[in-house]
Amino acid sequence: MHAVNAGYAKAILFGEHFVVFGLPGIVAGLPLHATARIKKNNQGIFLHCPWHQQPLNVLKNRSASVSKIGRMILAQLRIPFTKRFLIEVRTTIPSNGGLGSSAALSVAITRALSHHFKKNLSDNEINSIAFKCEKIFHQTPSGIDNTAATYGGLFWFQKKKPKNQTKFLHPSKPLPCILVNSGIHGSTKKAVARVRRRKQKNPALFRRLFKEYRRLASDALRALQNGDLSLLGTLMNQNQELLQQIGVSNSTLNKITLSALHEGALGAKITGAGLGGNVLVLASNFREQKKIQHALQRLGYACIPATLH
Ligand code: MEV
């Protein structure tokens, strides 16, 4: 978790989508990250990230999101557009997987530029620039992804004015988890827009879901602090039911959660925006974590074991 100029991936344990509407969420940093380096280049300002085969000319390519965020970060750091260099990004985070790859990218680039041009930005400043980048990527982000990408760790998050609330948590037991990739690309922008539309159409349903979720989130906080993995798993399953009701699950994601539970998982739910991406599975111990991982791999899903703490 301590690579230079890194932005960290995250898994949301509770509260994706609910956090956009100001309800609390619980999120954990993952041992996956994006890193950025500044290299010599004589032709202008270029950005090379693994999502694009070729380096993009940040000033000339007006449309690609990465180019837009490149310009945004340069402007925020007051780096003259007349400079010449290449920003090279490497990442171990699968994109469109609900693991915060875009926020990690923005944080890595901001950190690398701040370091190279001796801007000495604080983590708070990096976080707020990454939030502006998230708006470019996803329009109405809650701020949870950029906060996780900046600080890593496991924390309680709530979008608040004038300042989001972030409380770092120290669970009394590590959480043996598995990230199971559905193989379907999930778009955060589309998923968030879909939930917003549904909420507008059916405010009564969402009032009820929000009430249920609030209770669930505070029970989850207690379960985490007490190391009650069994209760935590049950609450994850309840959170998954709420995510189904707000319309961000699909048959593949439902099948993965059911298969994980069938293999003995304590809990399984979408992590991140849904409609694709990853399912987060909680096992009761490390032996079970391996067993469930192997069973899901035999069903054809790519899995990453991740112990959250
Ligand atoms: C995406 O990782 C989490 C969402 O809640 C969007 C957000 O909070 O910005 C779906």
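This briefing walks through the overall build, the two domains, a buried helix, some unusual backbone spots and the ligand shell. The model is a predicted one, and the protein chain in it has nine helices and 11 strands. With 309 residues, a compact globule would come out near 19 Å in radius of gyration, and the chain agrees, at 19 Å. The domain assignment splits the chain into domain 1 (6–168) and domain 2 (175–308), and the shell around the ligand takes at least three residues from each of them.

**Overall build**

- Lay the chain along its principal axes and the C-alpha atoms fill a box of roughly 55 × 40 × 35 Å.
- Of the 309 residues, 49% count as buried.
- Take the contacts between residues at least 6 apart in sequence: 69% of these join residues at least 24 apart.

**Two domains and where they meet**

- The C-alpha centres of domain 1 and domain 2 sit 24 Å apart.
- Their contact draws 25 residues from domain 1 and 30 residues from domain 2.
- On the domain 1 side, S1, S2 and S6 each put in at least two residues.
- That side of domain 1 is made up of 16 nonpolar, eight polar and one charged residues.

**Helix H4, tucked inside**

- Seven of the eight residues of H4 (residues 144–151) are buried, so the rest of the structure largely encloses this helix.
- The buried ones are Ile 144, Asp 145, Asn 146, Thr 147, Ala 148, Ala 149 and Thr 150.
- What do the buried residues of H4 pack against? Their partners are two helices, H2 (101–116) and H3 (123–138), along with the strands S1 (6–14), S2 (25–39), S6 (154–158) and S7 (165–168).
- Just after H4 comes Gly 152, with a positive phi of about 65 degrees.

**Backbone spots worth a look**

- As a reminder, most residues other than glycine have a negative phi, and most peptide bonds are trans.
- His 17 isn't a glycine, yet has a positive phi of about 70 degrees; look for His 17 in the loop between S1 and S2.
- Buried or exposed: which is His 17? His 17 counts as buried, because 28 C-beta neighbours fall inside 10 Å, and the cut-off for buried is 20 or more.
- Leu 275 is another non-glycine with a positive phi, of about 65 degrees, and lies in the loop between strand S9 (267–271) and strand S10 (278–282).
- Leu 275 also counts as buried, because 23 C-beta neighbours lie inside 10 Å.
- For a cis peptide bond, go to the step from Lys 161 to Pro 162, where omega is near 0 degrees. Pro 162 is in the loop between S6 and S7.

**Around the ligand**

- There are 17 residues around the ligand, and the ones that come nearest are Glu 16, Pro 141, Ser 142, Gly 272 and Ala 273.
- Which helix gives the most to this shell? H5 does, with three residues.
- H4 and H5 (188–201) each supply at least two residues of the shell, so H4 turns up here as well as being largely enclosed by the rest of the structure.
- By class, the shell divides into eight nonpolar, seven polar and two charged residues.

Notes: Residues are numbered from 1 along each chain as its sequence is written. This is a predicted model: local features need pLDDT of at least 70, side-chain atom pairs count only at pLDDT 80 or more; totals for chains, interfaces and linings use all residues. A residue is buried if 20 or more other C-beta atoms lie within 10 Å of its own, exposed if 12 or fewer, and partly exposed in between; C-beta atoms are placed from the backbone. Helices (H or I, at least four residues) and strands (E, at least two) are DSSP runs, numbered from the N terminus. Two residues are in contact if their C-beta atoms, placed from the backbone, lie within 7 Å. The radius of gyration is taken over C-alpha atoms; the globule rule is 2.2 Å times the number of residues to the power 0.38. Domain bounds come from an automatic or database domain assignment. Ala, Val, Leu, Ile, Met, Phe, Trp, Tyr, Cys and Pro count as nonpolar, Asp, Glu, Lys and Arg as charged, and the others, Gly among them, as polar. A residue is near a molecule or strand if its C-beta atom, placed from the backbone, lies within 6 Å of it.
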